[in-house]
Amino acid sequence: MKKTNTIKSLYKDSFDYIKESKKYILTIIIIFFASAIAGLIIPIPEDIVMKLMEILKEIVAQIEGKTTTEIIAFIFLNNTQATLIGLFAGIFLGIVPIILAVTNGFLLGFVSLLSIQTASILSLWRILPHGIFELPAIFISLGIGLRLGTFIFNKKPIEALKKDLKKALITFILIILPLLVIAALIEGILIGTSI
């Protein structure tokens with residue numbers, strides 16, 4: 001009974017921490033979607049387009065020939081690594097989460113533009129299932145990462161950082177990781193059945 005109560009309280013604390021971090025998470029969401037719109041509407045120089053295409057081809061090449069299970073594992077590990085970096089590298093004044101929000105948002109806008117150009121605007125519905133669980137996980141981790149970077153403005157910065165790091169780690173394990181597992185399963189199955 002005590003163990004159940006402890007798990008419940010940890011989940012409650014994690015959800016409370018997300019609520020307390022909502023202005024940081026909202027900031028990340030705004031930056032992400034503003035960057036996505038920029039990627040969708042701003043003309044990109046040809047040399048940058050070629051570089052972005054190379055990055056996309058490399059990602060596709062990494063999953064070619066893999067089984068659905070291997071694709072799921074690959075996606076999960078990549079997303080876990082990215083969210084961990086975004087979260088804990090936020091300690092450095094929140095710069096890394098902002099950079100990741102801008103680059104990932106811009107890349108989403110660019111991929112959306114390619115999808116519209118090669119198929120139609122309706123093709124964006126095929127991208128939607130990939131982000132239902134992945135994007136919230138990314139927004140929460142980058143938002144918390146941004147919050148971690150504000151510890152220097154606290155009257156007791158080291159104590160504030162220690163407290164936030166503990167809450168961030170628990171939230172990552174209990175909330176973000178399960179979202180990434182579900183996202184990897186959905187994305188892996190969709191990709192696995194389409195190749």
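The overall fold, one helix pair, an aromatic cluster and two buried residues are described below for a predicted model.

The protein chain contains eight helices and zero strands. Read along the sequence, the order of elements is accordingly α-α-α-α-α-α-α-α. Of the 195 residues in the protein chain, 36% are buried. Among contacts in the protein chain with a separation of 6 or more, 85% join residues 24 or more positions apart.

The packing of helix α5 (residues 95-118) against helix α7 (residues 134-148) was examined. The two axes lie 7 Å apart, and the angle between the helices is about 150 degrees. Angles over 145 degrees count as roughly antiparallel, and α5 and α7 are therefore roughly antiparallel to each other. The crossing of α5 past α7 is left-handed. On the α5 side, the contact involves Pro97, Ile98, Leu100 and Ala101. These residues meet Leu142, Gly145 and Leu146 of α7. By class, six residues in this contact are nonpolar and one is polar, while no charged residues take part. The polar residue is Gly145, because Gly is counted in the polar class.

Helix α7 also contributes to an aromatic cluster, through Phe139. A search of the whole structure returned three aromatic pairs. One of them is formed by Phe32 and Phe33, with ring centres 5.2 Å apart and planes at 85 degrees, an edge-to-face arrangement. The two members of this pair differ in accessibility class: Phe32 is buried, at a relative accessible area of 4%, whereas Phe33 is partly exposed, at 37%. Phe32 also pairs with Phe139, again edge-to-face, with a centre-to-centre distance of 5.1 Å and 75 degrees between the planes. This second pair links distant parts of the chain, as Phe32 lies in helix α2 (residues 22-41) and Phe139 in helix α7, 107 residues apart. Phe139 has a relative accessible area of 9% and is therefore buried, the limit for that class being under 20%. Phe32, Phe33 and Phe139 together form one aromatic cluster.

Tyr17 is located in helix α1 (residues 2-20). Its relative accessibility is 0%, so Tyr17 counts as buried. When residues up to four places away in sequence are not counted, Tyr17 touches Ile144, Arg147, Leu148, Asp164, Lys167, Ala168 and Thr171. Ile144, one of these contacts, is 127 residues from Tyr17 in sequence. In space, the C-alpha atoms of Tyr17 and Ile144 are 8.8 Å apart. Ile144, Arg147 and Leu148 fall within the residue range of helix α7, and these three residues thus place contacts of Tyr17 on that helix.

Asn79 is located in helix α4 (residues 68-88). With a relative accessible area of 13%, Asn79 is buried, as is Tyr17 at 0%. Apart from neighbours within four places in sequence, Asn79 is in contact with Glu134 and Leu180. Glu134 is the residue at which the range of helix α7 begins. Contacts to helix α7 are thus described here from α5, from Phe32 in α2, from Tyr17 in α1 and from Asn79 in α4.

Terms used:
Residues are numbered from 1 along each chain as its sequence is written. This is a predicted model: local features need pLDDT of at least 70, side-chain atom pairs count only at pLDDT 80 or more; totals for chains, interfaces and linings use all residues. Side-chain values use heavy atoms; hydrogens and water are left out. Axes are lines fitted to C-alpha atoms, for helices over the stretch in contact, and angles run from 0 to 180 degrees between N-to-C directions. Helices (H or I, at least four residues) and strands (E, at least two) are DSSP runs, numbered from the N terminus. Angles under 35 degrees count as roughly parallel, over 145 as roughly antiparallel, 65 to 115 as roughly perpendicular and the rest as oblique. A crossing is left-handed if the near helix is turned anticlockwise from the far one by less than a right angle, and right-handed if clockwise. Contact means heavy atoms within 4.5 Å. Buried means under 20% relative accessible area, exposed over 50%, partly exposed in between (1.4 Å probe, protein chains only). Rings of Phe, Tyr and Trp (its six-membered ring) pair if their centres lie within 6.5 Å; planes under 30 degrees apart count as stacked, over 60 as edge-to-face and the rest as tilted.
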